[in-house]
Amino acid sequence: MEKERFYDNIQRRIEMQAEQPERFNNRLDLKLVDVGTDPMSAKFRFDVGEWCLNPFGDVHGGVVASILDTSMGMGAASLCETSVNTTDMTISYLSAMNCDRFYICCEYTKVGRRMIRCISRAVDERNKIYATAMGSFMVMGDEKTVG
């Protein structure tokens with residue numbers, strides 16, 4: 001898939017989410033920063049809000065898991081141009097996430113007809129890694145939903 005099409009597919013998914021303001025994916029408010037094609041990759045921005053902090057002022061681990069899963073899944077669905085479901089995800093929390101902004105960098109290591117694999121990392125503006133994840137996404141159908 002060419003870079004422009006991949007970028008447009010993800011951006012359309014973000015716009016579709018905005019039409020459902022009360023849904024979880026929209027509330028995360030992920031912003032697409034860039035995509036790459038060698039390897040297939042996507043970079044998202046997450047701006048930390050008060051709502052996602054734990055009692056100690058760090059981003060709650062459940063929110064970290066959600067932004068990693070959602071960003072990897074949006075890219076996977078955009079690559080296969082249909083819906084996907086997360087089949088498994090492993091997360092490593094490496095440091096407390098206590099900045100105002102994070103970037104989720106996703107690299108798609110396997111894009112098959114039925115399964116897409118991805119690795120991702122949550123980093124700050126200086127590229128310090130706070131969490132990593134690996135996930136698998138099952139391609140759910142042949143019907144094109146975007147693209």
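Which residues is serine 78 in contact with, leaving aside its neighbours within four places in sequence? In this predicted model, they are Met1, Phe6, Asn9, Ile10 and Arg13. The whole chain comes first; serine 78 follows.

The chain folds into 3 helices and 6 strands. Read from the N terminus, the order is α-α-β-β-α-β-β-β-β. Two helices open the run, then come two strands, one helix and four strands.

The overall dimensions come next. The C-alpha trace spans about 45 × 30 × 25 Å along its principal axes. The radius of gyration is 15 Å. A compact globule of 147 residues would have a value near 15 Å, so the chain agrees with that expectation.

What share of the 147 residues counts as buried? The figure is 41%. The chain exposes about 8000 Å². Carbon and sulfur atoms supply 47% of that area. Contacts add to the picture. Among those with a separation of 6 or more, 65% join residues 24 or more positions apart. Charge can be located too. The chain holds 18 positive and 21 negative charges, and their mean positions are 4 Å apart.

Now back to serine 78. This residue sits in helix α3, which covers residues 61-80. Is serine 78 buried or exposed? Its relative accessibility is 0%, so serine 78 counts as buried; the cut-off for buried is under 20%. The side chain has two polar contacts to backbone atoms. One goes to the backbone oxygen of methionine 74, at 2.8 Å. Another goes to the backbone nitrogen of isoleucine 10, at 3.4 Å. Ile10 also appears in the contact list of serine 78, with Met1, Phe6, Asn9 and Arg13.

Glutamate 107 offers a second stop. This residue belongs to strand β4, residues 101-111. Glutamate 107 has a relative accessible area of 32% and is therefore partly exposed. That class lies between the 20% and 50% cut-offs. Which residues does glutamate 107 touch, leaving aside its neighbours within four places in sequence? The contacts are Pro39, Met40, Ser41, Arg117, Cys118 and Ile119. Aspartate 38 can be placed as well. Aspartate 38 and glutamate 107 are 69 residues apart along the chain, yet their C-alpha atoms are separated by 9.5 Å.

Put the two sites side by side. Serine 78 is buried at 0% relative accessibility, whereas glutamate 107 is partly exposed at 32%. Serine 78 lies in a helix; glutamate 107 lies in a strand.

Methods
Residues are numbered from 1 along each chain as its sequence is written. This is a predicted model: local features need pLDDT of at least 70, side-chain atom pairs count only at pLDDT 80 or more; totals for chains, interfaces and linings use all residues. Side-chain values use heavy atoms; hydrogens and water are left out. The radius of gyration is taken over C-alpha atoms; the globule rule is 2.2 Å times the number of residues to the power 0.38. Buried means under 20% relative accessible area, exposed over 50%, partly exposed in between (1.4 Å probe, protein chains only). Contact means heavy atoms within 4.5 Å. Accessible areas come from the Shrake-Rupley method with a 1.4 Å probe; for residues, only the protein chains shown count as cover. Lys and Arg count as positive and Asp and Glu as negative; His and the chain ends are not counted. The place of a charge is taken as NZ of Lys, CZ of Arg, CG of Asp or CD of Glu. A polar contact is a pair of N or O atoms within 3.5 Å; within protein, one must be able to donate a hydrogen and the other to accept it, and residues adjacent in sequence count only if both atoms are side-chain atoms.
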